[in-house]
Amino acid sequence: MANFEIIMPKMGESIEEATITNWFVKPGDQVEEDDVLLEIATDKVDSEIPSPVAGVVKKILFKQDEVVAVGNVIAVIDMAGEDSTSAEEEVADSEIASVVKDQAVLAARVVSTGDRFYSPLVRKIAREEKISQEELDGITGSGLNGRVQKRDILLFIENRSGSSEPAKTAPVSAPGVVSPGIEGGDEIIEMSRLRKLIAEHMLRSKQISAHVTNMIEVDVTGVVSWRNRVKDEFLKREGVKITFLPLFLEATTKALRDFPQINASVDGDKIIIKKRINLGVAVSLPDNNLIVPNIKDADSLNLTGITKKMNELAVAARSNKLTPEDISGGTFTVTNFGTFKNDIGTPIINQPEVAILAVGAIKKKPAVLETDQGDVIAIRQKMWLSLTYDHRIVDGALGGAFLKRLGDYIESFDPETGNFKL
């Protein structure tokens with residue numbers, strides 16, 4: 001008999017485990033190659049896992065809502081399509097089941113219960129330190145809505161190790177956090193799982209990185225003129241609409257090549273300069289949540305390639321078809337405030353990156369132009385760029401120089417040739 005083991009896949013950098021949110025099959029079901037077996041969730045994305053082979057589902061080793069470490073066997077498919085198990089195989093399967101059961105028991109000790117969510121980092125520390133579910137549930141959290149953070153669980157461990165009495169947690173109050181009053185007529189909405197994860201991700205980023213934001217206003221008259229002239233022809237030729245954002249993404253890749261220290265991440269006291277430029281583009285979802293897939297090797301693509309890939313990722317995001325590869329490995333993120341007619345914003349860094357760019361709305365404004373006959377006032381198309389960077393490794397001079405170079409690239413765009421002059 002040819003058995004194929006389905007492994008919990010690695011869902012991206014720093015992801016060590018995932019939660020099984022739904023099984024679409026049961027033991028005995030016949031599956032074809034690429035049939036969806038289950039749905040899993042991490043702190044970054046929900047993803048459907050297809051079957052890489054055809055056969056009969058022989059075993060499912062973890063239940064719905066269980067947390068499973070990357071690399072663990074989660075199911076077995078009989079590629080022969082028959083359920084004829086030999087005595088030797090039954091013994092082997094029994095041993096596998098015993099190991100999996102032990103792993104499941106360990107994972108079950110540190111899961112999110114009720115309305116309380118524990119991040120993968122907190123659950124990992126709890127498992128390593130042999131903290132029971134009861135102890136974990138008793139820790140007072142200092143995070144949003146009382147969420148247990150890394151410092152809370154480390155304080156619990158410190159207090160526990162220094163006392164022979166049963167462990168007690170010392171309450172840790174988050175500065176400035178006040179419980180809101182609720183009056184008649186107020187509407188209470190439970191956060192979705194994705195919204196909770198976004199909140200955790202944003203708070204963690206503010207705690208990790210020293211955020212600083214620089215802003216610059218750029219003249220995009222040439223970009224607007226070119227796009228308005230070619231948009232109909234582009235749609236007819238390429239089958240997708242050309243917006244302003246792909247032009248700004250192309251300019252960003254050029255600036256990142258000039259300043260590779262911005263295309264980086266931090267690992268402890270080490271700075272990692274990324275060789276690849278994988279541009280993350282924030283996508284607003286129908287439920288008002290946000291996700292950031294990234295364009296791999298964006299600097300190797302021309303304008304048409306960037307446009308098509310950006311549209312492909314946006315469609316996949318809004319139809320819940322993104323893959324783990326789509327949302328992992330980003331090196332720099334761009335978010336488009338201009339979509340909502342906003343001028344300026346101060347975005348939060350998408351960890352583990354060290355900078356993020358916000359693109360504002362394009363508006364007509366009076367501007368002073370220098371000519372051979374002297375200064376004149378003219379109507380120009382203007383836009384604000386906001387760069388938030390991690391001041392631990394990006395100083396003001398570097399951040400400012402990068403933003404200025406990006407603005408120069410955009411302003412150098414030639415509406416006649418459709419190319420950047422710089």
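In the predicted model, Thr333 lies within strand E16, which spans residues 332-336. With a relative accessibility of 1%, Thr333 falls under the 20% limit and therefore counts as buried. The strand around it shows a similar setting, since four of the five residues of E16 are buried, so that E16 is largely enclosed by the rest of the structure.

The side chain of Thr333 forms a polar contact with the side chain of Glu353, at 2.8 Å. When residues up to four places away in sequence are left aside, Glu353 also appears among the residues that Thr333 touches, together with Gly280, Val292, Asn350, Ala355, Ile356 and Leu357.

Strand E16 is paired with strand E12 (residues 279-281), to which it is joined in parallel by three bridges, and in this pairing Leu279 is placed opposite Phe332 of E16. Strand E17 (residues 355-359) likewise pairs with E16 in the parallel sense, here over four bridges, and Val334 is found opposite Leu357 of E17. Gly280, which belongs to the residue range of E12, and Ala355, Ile356 and Leu357, which belong to that of E17, are among the residues touched by Thr333.

A separate site is provided by Tyr118, which is located in the loop between helix H1 (87-108) and helix H2 (120-128). Tyr118 has a relative accessibility of 0% and therefore counts as buried. Between Tyr118 and Gln149 the separation is 31 residues in sequence, while the C-alpha to C-alpha distance in space is 8.2 Å.

Definitions and conventions
Residues are numbered from 1 along each chain as its sequence is written. This is a predicted model: local features need pLDDT of at least 70, side-chain atom pairs count only at pLDDT 80 or more; totals for chains, interfaces and linings use all residues. Side-chain values use heavy atoms; hydrogens and water are left out. Helices (H or I, at least four residues) and strands (E, at least two) are DSSP runs, numbered from the N terminus. Buried means under 20% relative accessible area, exposed over 50%, partly exposed in between (1.4 Å probe, protein chains only). A polar contact is a pair of N or O atoms within 3.5 Å; within protein, one must be able to donate a hydrogen and the other to accept it, and residues adjacent in sequence count only if both atoms are side-chain atoms. Contact means heavy atoms within 4.5 Å. Two strands pair if DSSP finds at least two bridges between them.
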